[in-house]
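Reader: I've got a structure to look at and no idea where to start. Could you walk me through it, one feature at a time?

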Amino acid sequence: MYLVGEGMTGGYGGGDILRDCTIGVEKGEIAVIVGPNGAGKSTAMKAMLGMLRLRLGSVVLDGKNITTLSPQARVAEGIAFVPQTNNVFTGMSVEENLEMGAYLRRDDISGTMEQVFALFPILKEKRRQAAGELSGGQRQQVAVGRALMTRPTVLMLDEPTAGVSPIVMDELFDRILEVRDTGLAILMVEQNARQALNIADRGYVLVGGENWRTGTGHELLANPEVRKSFLGG
Ligand SMILES: Nc1ncnc2c1ncn2[C@@H]1O[C@H](COP(=O)(O)OP(=O)(O)O)[C@@H](O)[C@H]1O
Ligand SMILES: [Mg+2]
């Protein structure tokens with residue numbers, strides 16, 4: 001797979017949170033991680049970004065072992081990450097937020113910014129406004145747009161639809177599908193399991209830091225155990 005965390009085992013210094021956990025995503029594909037609160041979904045994503053030292057296991061990007069690289073080095077290798085909270089600079093304008101996303105680049109970023117504005121037209125309209133004045137859904141667009149400013153090959157999103165209405169969620173998922181169709185690998189943690197699995201090429205159900213069930217999004221949606229435990233029957 002293009003990005004894979006294989007047999008990830010480790011935690012935050014106490015006991016292991018992740019136990020032999022394997023998560024992967026291909027280019028042009030959306031992989032979704034679902035599971036109960038505290039299952040280790042965010043921890044798995046942080047481990048793949050390098051914010052967590054693994055005791056066992058590896059992270060491989062495009063065939064290259066990146067297990068010991070810092071998060072910044074992984075970003076330079078093409079991984080972009082949108083954390084669940086505090087993912088925009090509220091006091092800065094939309095445009096400044098996007099520029100911040102491109103801080104690693106030394107080339108002309110205007111073309112990429114136009115691509116972000118094409119994906120999220122409302123951001124062009126509001127580009128001089130402080131991000132803190134935007135609605136929740138619009139802020140999430142800023143956060144995703146900022147991540148795209150590095151021209152990543154992998155986009156990791158931790159609960160991008162947290163706290164937004166069902167309509168805004170559907171819109172955001174449509175935009176994420178558009179991004180996928182440009183060839184990026186997208187790895188997403190989601191609480192809205194049913195809707196997320198519906199657009200997922202690949203799904204991982206984590207329980208207690210372990211892989212519980214894995215399959216295509218539609219396989220998991222059709223799985224009676226998954227339905228009973230996570231989808232309300
Ligand atoms: N920074 C941290 N330090 C110590 N323990 C943490 C930290 N972040 C999360 N945990 C613990 O790791 C476990 C998994 O958390 P998390 O990955 O955030 O779960 P999820 O995203 O699935 O809700 C939980 O028991 C949580 O308390
Ligand atoms: Mg989480």
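Reader: Let's begin with strand 6: which residues lie on its two sides, and are they buried or exposed?

Author: Some ground rules before that. This is a predicted model, in which local features need pLDDT of at least 70 and side-chain atom pairs count only at pLDDT 80 or more, while totals for chains, interfaces and linings use all residues. Residues are numbered from 1 along each chain as its sequence is written, and chains are lettered from A and ligands numbered from 1 in the order in which they are written.

Author: Now the general idea. A residue is buried if 20 or more other C-beta atoms lie within 10 Å of its own, exposed if 12 or fewer, and partly exposed in between, with C-beta atoms placed from the backbone. Helices (H or I, at least four residues) and strands (E, at least two) are DSSP runs, numbered from the N terminus. In strand 6, residues 79–82, Ile79 and Phe81 sit on one side, Ala80 and Val82 on the other, and all of them are buried.

Reader: How do I read strand pairing, and how many bridges join strand 6 to strand 7?

Author: Strands of a sheet pair through backbone hydrogen bonds, either parallel or antiparallel. Here, two strands count as paired if DSSP finds at least two bridges between them. Strand 6 and strand 7 (residues 154–158) run parallel and share four bridges. One pair to look for is Val82 with its partner Leu157 in strand 7.

Reader: And what is the order of the strands in the open sheet of four strands?

Author: It goes 2-1-4-5, and the pairing is antiparallel. The edges are strand 2 and strand 5 (64–65), each of which pairs on one side only. Strand 1 (residues 3–10) is joined to strand 2 (residues 18–25) by five bridges. You can trace that pairing through Val4, which stands opposite Gly24, and Gly10, whose partner is Leu18. Strand 1 also has five bridges to strand 4 (residues 56–61), again antiparallel, and there Thr9 faces Leu56.

Reader: Helices next. How far does helix 6 reach from its first C-alpha to its last?

Author: The yardstick is 1.5 Å times one less than the number of residues. Helix 6 (residues 136–148) has 13 residues and reaches 19 Å, close to the expected 18 Å. It's also mostly covered, with 11 of its 13 residues buried. Among the buried ones are Gln138, Arg139, Val142 and Leu148.

Reader: What covers those buried residues of helix 6?

Author: For this we use contacts: two residues are in contact if their C-beta atoms, placed from the backbone, lie within 7 Å. The cover includes strand 6, strand 7, helix 3 (94–101), helix 4 (110–119), helix 5 (121–125) and helix 7 (166–181).

Reader: Can we try single residues? Why does Met45 count as buried?

Author: Count its neighbours: Met45 is buried because 24 other C-beta atoms lie within 10 Å. Met45 belongs to helix 1 (residues 41–49). Leaving out residues up to four places away in sequence, Met45 touches Met156, Asp158, Leu187 and Val189. Sequence separation is another thing to check: Met45 and Gly5 are 40 residues apart in sequence, yet 9.0 Å apart in space, C-alpha to C-alpha.

Reader: Which of Asn86 and Asn87 is buried, and which is exposed?

Author: Asn87 counts as buried, with 20 C-beta neighbours inside 10 Å, whereas Asn86 has 8 and counts as exposed. Asn86 lies in the loop between strand 6 and helix 3, and Asn87 is found there too. Beyond its neighbours within four places in sequence, Asn87 is in contact with Val82 and Ala143. Look at the backbone of Asn86 as well: its phi is positive, about 50 degrees, although it is not a glycine.

Reader: Where is Glu159, and what is its phi?

Author: Glu159 is in the loop between strand 7 and helix 7. Its phi is near 50 degrees, a positive value in a residue other than glycine. Glu159 is buried, with 21 other C-beta atoms within 10 Å.

Reader: Last one: which residues are around ligand 1?

Author: The test is whether a residue's C-beta atom, placed from the backbone, lies within 6 Å of the molecule. The residues around ligand 1 are Tyr12, Ile17, Gly35, Asn37, Gly38, Ala39, Gly40, Lys41, Ser42 and Thr43.
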